[in-house]
Amino acid sequence: MMDAQTAGLLAQSFESAFRHQNVTAVEAALEEIGWREALAEEAADVIPLLFTRQGGANAASGALDDVLNTALGLPADGDTAFVLPEFGTCTAPGSVRDGDLTVSGLGTARMPGAARAVVVAEDGGTLRAAVVETGKVETRPVGGVDPRLGLVTVEARGVRLDERVEVTAGRWADAVAAGQVALAHELAGTGRVMLGLTREHAVTRIQFGRPIGSFQAVRHRLAESLVAIEAAEGLAAAAAETLGPDRSDPGSAPLAAMAKAVAGRNARTVARHCQQVLAGVGFTDEHDFHHYFRRVLTLDGLLGDARTLTRGLGEELLRTRRLPVAPPL
Amino acid sequence: MDLQEFRDGLDGWLDEHEPELRAEFGPDVTLDQEMEHVSKVRRMTYDAGFMRRGWPEWVGGLGGSTLMRAYLGEALAYRDLIDPGIYSMTEVLAPTMIEFARPELAAEMVPRLLRGEETWCQGFSEPSTGSNLGSLSCRARRDGDVWRVTGQKVWTSLAQYADRCVLLTRTGTPESGHRGITALFVDMDAPGITVRPIRAIHGRDEFCEVFFDDVPVPVDRTLGEVDRGWAVAMDLLPYERSTSLWHRSAYLRQRLGSLLSSAPDGALDPADLGEVVQMTFAFHARSRGTQHRMARGDRLGPETSVDKVLLATTEQAVFDLAADTVAADIALGDDPGGDRWRTEFLYSRAATIYGGSAEIQRDIIARRLLDLGTDR
């Protein structure tokens, strides 16, 4: 467990890194901090620290690629991207038939500048990870609702594979869990900033001779938003504790997926309340709110959206008819 | 003793004694029997040493981390051996005594509560004082060595069984608001006290009206300082939202697990089930953090209102899911199973009302956590 002082310093370093305006500069700053080394050693502590700030800064980086590559036990460096599952899902984005790889997935902002990408693919009933040169896959920028995130689509057909390593189902589940925990924190960080912006508006905007933050309808929406953020963050923190090589525990996968689902759903709740309280100004391009709202809509779809994960959890529980074990005190 | 050692010891002991500790349910089980059962569980766990862990030695405890208290209630609730609403009152009342009573009084009284020899109640709300606690009017007038208490309380849980009451009284002027309140520790067999149980919607006489007619209370039963009873109440309320809620969280997971294992095929909607399970786990994670903060000695404050909002929302979601899943049992069932789901479903409607309503919690969050200023 990282001590509070180290955690505080690291958090400050991440905040500075995310103040850079472009992905290359952010990635260079993270490299300088030694983020990947910290990730390899103390994933459970540094993933929450970094992704909460990335969400808060509305920044983009390849940190998620590092989380997944590291969790899969593959070399992680700034030149290696990771091909994420298709929007809304958390199934492996590739498939291999007769040694040829087909891919359909997403890439973070690192993908366009990376030399290589890791693809996890289903191959005759087992999962395998292959490192492919990005020149062999077609990447296309996603405009969509959140262009600042820098997502790309990744497509490829008939890529000849020479080397690939088997990935056990457990390892893939661990990697997805690590990514989900990261995204859950990023969503919570995004929600906190939406609430902060809205609180500022509520105490300064005067109507009927008083700040709108004195009206109970407004106060309760903001209180509800804080509860939603705290709930998501608490569950994400509990899920983070189960990450890392020495804390491998069979209960971690459902907890991470729950955390991701709650974070996605609750971030939308926060966005709904905040946009209503911000009213007209929150509907404009001139207020920062929209950047965060756009981010929520996009992050919710990475590594399983709230709706899919929630239904999936229910279906799984109806098969086993047993609740997962809750984290002990 | 560390938590792991405590857990292992308790789990083994409970495995062995579970048959004796098992609670009964059903339309024929009276509240008297439930109260006797909780007292028995307290006595047995006290005698075996588990109930004493996490409490200071000078009030009959064996010291150690408060996490052991949290785990004891969790284990009892998760095994369905206690009603957490009755059992967990200790977690609110004993800390108040330890902090605010004369040390000799706390040392004399707290062990009786922990051992299950006595039941205590909490006299806060009044007919015209619900959410606005600072407006209470039950009067205490100083008369030599005693206070003379006259007035009325309502929603006093289990007052008909109670031997003592932590009572908030008005000692300042009627207009003194939260500055003129004094907390007293009252013997419920004192002359002039009348208790009238109220039959609640779920069929239990759990709440009472309590009438005080010139009731003498020795001045050495004053809790905290005169006219500073608001501090006692404010100090007690975060406790109400910490360990007690952790116990309740275990109970909710136990009930949800029971619904999941017993629901007929096709009765549970997977999306609804998934969402309610996520809510129970999010509440569990939140409350777990609170238990650790309390064990570290952090002062609990308004942030526990988040825990209360989550409990209320989660409890109602769990029993709404039950109401959708075993609708006929709840509406029509007179067997023990149906009776239990119905009772619990009806009781869950109070979760957004008792212990500070959903609206009051949101007001606290807005004012104290979001710093939105007052609502005027």
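Visitor: What makes β3 (residues 100-107) and β7 (residues 152-160) of chain A count as paired strands?

Guide: First, a heads-up that this is a predicted model. Now the strands: a pair needs at least two bridges between them, and β3(A) is joined to β7(A) by seven, with the two strands running antiparallel. So that's a pair by the rule. As an example of who faces whom, A:G107 has A:V152 as its bridge partner.

Visitor: Which way does β6 (residues 138-141) of chain A run against β7(A), and how many bridges are there?

Guide: β6(A) and β7(A) are antiparallel, with four bridges joining them. With the cut-off at two bridges, they therefore pair as well. Look for A:E138 on β6(A), and you'll find A:E155 of β7(A) standing opposite.

Visitor: What makes chain A "as compact as a globular protein" of its length?

Guide: Start with what it's built from: nine helices and 10 strands. Its radius of gyration is 20 Å, and the globule rule gives 20 Å for 329 residues, so the chain is as compact as a globular protein of that length. If you'd like a box to picture, the C-alpha atoms fill one of roughly 75 × 45 × 40 Å along the principal axes. Of the 329 residues, 54% count as buried. And take the contacts between residues at least 6 apart in sequence: 73% of them join residues at least 24 apart.

Visitor: Why is A:G56 called buried?

Guide: A residue is buried once 20 or more other C-beta atoms lie within 10 Å of its own. A:G56 has 21 of them, so it earns the label. You'll find A:G56 in helix α3 (residues 35-57) of chain A. Setting aside neighbours within four places in sequence, its contacts are A:G189, A:R192 and A:V193. A:G189 is 133 residues away along the chain, yet the C-alpha atoms of A:G56 and A:G189 are separated by 4.7 Å.

Visitor: How do you know whether A:G125 is buried or exposed?

Guide: Count again! A:G125 has 5 other C-beta atoms within 10 Å, and 12 or fewer means exposed. So A:G125 is exposed. It belongs to the loop between β4 (116-123) and β5 (126-133) of chain A. Its C-alpha sits 43 Å from that of A:S13, a residue 112 places away in sequence.

Visitor: And what label does B:S39 get?

Guide: B:S39 has 17 C-beta neighbours inside 10 Å, so it counts as partly exposed: the middle label covers counts between the 12 and 20 cut-offs. B:S39 lies in helix α2 (residues 31-47) of chain B. From its C-alpha to that of B:I365, 326 residues away along the chain, the separation is 36 Å.

Visitor: How do you know how well helix α5 (residues 169-204) of chain A fits the span expected at 1.5 Å a residue?

Guide: Just set the two spans side by side. α5(A) has 36 residues and reaches 53 Å from first C-alpha to last, close to the expected 52 Å. The helix is also mostly covered, with 27 of its 36 residues buried.

Visitor: How does the span of α1 (residues 3-21) of chain B compare with that of a straight helix of 19 residues?

Guide: A straight one would span 27 Å, but α1(B) manages only 22 Å between its end C-alpha atoms. Take a look at B:D15: the helix bends there by about 50 degrees, and a proline, B:P19, follows within four residues.

Visitor: What makes β5 (residues 181-187) of chain B "mostly covered"?

Guide: Six of its seven residues are buried. β5(B) also has partners. Seven bridges join it to β4 (residues 164-170) of chain B, antiparallel, with B:R170 standing opposite B:I181. Two more bridges link β5(B) to β8 (residues 222-223) of chain B, also antiparallel, and there B:L184 stands opposite B:T222. Two is just enough, because the rule asks for at least two.

Visitor: How many residues does each chain bring to the contact between them?

Guide: Chain B brings 39 and chain A brings 35. On the chain B side, α3, α8, α9, α10 and α13 each supply at least two residues. α9(B) gives the most, with 15 residues.

Note on methods. Residues numbered from 1 in each chain as written. Chains lettered and ligands numbered in written order. Predicted model: local features only at pLDDT ≥ 70, side-chain atom pairs only at ≥ 80, totals over all residues. Rg over C-alpha atoms; globule rule 2.2 N^0.38 Å. Contact = placed C-beta atoms within 7 Å. Expected span 1.5 Å × (residues − 1). Bend = angle between axes of the 7 residues up to and from the residue.
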